[in-house]
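Me: Please give me a close look at one part of this structure, and then set that part in the context of the whole chain. I should prefer a single connected account.

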Amino acid sequence: MTSRARWKLARDKEIAKGISESPEVARRREEIRLAFDLGQAVYDRRTELGISQTELAKRAEMTQPQVSKLELGGTMPTLPLLARLARALDATLSLELDGDTSKVVFAAHTPAA
């Protein structure tokens, strides 16, 4: 996601110059970052499984455009949708939020011994 890297670099340059952003802009930036992180986690697990967006959409009772939008960070899903995605991706969803950092991972289920 090159555009995200450029966006962060531009923001970091503004901060270095002493230009601060409003609390509303900072809040919105955080929401966007979380949406991107989630989208990347969905994309990573889907490609790990070797399935298409269409196949994931069928498994998660979504449409392909909804999966595309989610992977691009264009939407923030509900908890029920996150649960469907985890099942569809045969994975456990881990979400760690700690201040300005977050980690979103769909970890593959391990087979029972």
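The reply below takes up one helix and then follows its surroundings outward. Which residues of α4 are buried, and against which elements do the buried residues of α4 pack?

Reply: The model is a predicted one, and the account begins with the fold as a whole. The chain holds five helices and two strands, arranged from the N terminus in the order α-α-α-α-α-β-β. Of its 113 residues, 28% count as buried. The accessible surface is about 7,500 Å², and carbon and sulfur atoms account for 56% of that area. When contacts between residues at least 6 apart in sequence are considered, 51% of them join residues at least 24 apart.

Helix α4 spans residues 64-71 and is preceded by a loop that connects it with α3 (53-59). The buried residues of α4 are V67, L70 and E71. These three lie on the same side of α4, because they cover an arc of only 95° around the axis. The general background is that an α-helix has 3.6 residues a turn, so residues three or four places apart point the same way. The partners of this buried side are α2 (23-49), α3 and α5.

The two ends of α4 each deserve attention. Before the helix, in the loop from α3, stands E61, a residue other than glycine whose phi is positive, near 55°. Most residues other than glycine have a negative phi. E61 is exposed, since its relative accessible area of 64% is over 50%. After the helix comes G73, and the phi of G73 is also positive, near 80°.

M62 provides a link between α4 and the interior. Apart from residues up to four places away in sequence, M62 touches A57, V67, L81, R84 and L85; of these, V67 is one of the buried residues of α4. M62 is also a member of the largest nonpolar core, which comprises 19 residues. Within that core, L38, V42, L56, M62, L85 and F106 touch the most other members. Two or more residues come from each of α2, α3, α4, α5 and β2 (101-108). The largest share, five residues, is supplied by α5.

The core thus leads from α4 to α2 and β2, and a polar residue of α2 may be considered next. R45 belongs to helix α2 and is buried, because its relative accessibility of 5% is under 20%. Two polar contacts can be described for the side chain of R45. One, of 2.5 Å, joins the side chain of R45 to that of E48. In the other, a polar atom of the R45 side chain lies 2.9 Å from the backbone oxygen of L89. With neighbours within four places in sequence left aside, R45 is in contact with L89, D90, A91, F106 and A108. Of these, F106 is among the core residues that touch the most other members.

D90, another contact of R45, sits in the loop between α5 (79-88) and β1 (91-98). The phi of D90 is near 45°, again a positive value in a residue other than glycine. D90 counts as partly exposed, because its relative accessibility of 39% falls between 20% and 50%.

To return to the part requested: the buried residues V67, L70 and E71 of α4 share one side of the helix, and they pack against α2, α3 and α5.

How values were computed:
Residues numbered from 1 in each chain as written. Predicted model: local features only at pLDDT ≥ 70, side-chain atom pairs only at ≥ 80, totals over all residues. Heavy atoms only, no water. Helix = DSSP H or I, 4+ residues; strand = E, 2+ residues; numbered from the N terminus. Buried < 20%, exposed > 50% of the residue type's maximum accessible area, 1.4 Å probe, protein only. Contact = heavy atoms within 4.5 Å. Areas by Shrake-Rupley, 256 points an atom, 1.4 Å probe, with all protein chains shown as cover. Arc of directions from axis to C-beta. Core = buried A, V, L, I, M, F, W, Y, C linked by side-chain atoms within 4.5 Å. Polar contact = N/O pair within 3.5 Å; in protein donor to acceptor, adjacent residues only side chain to side chain.
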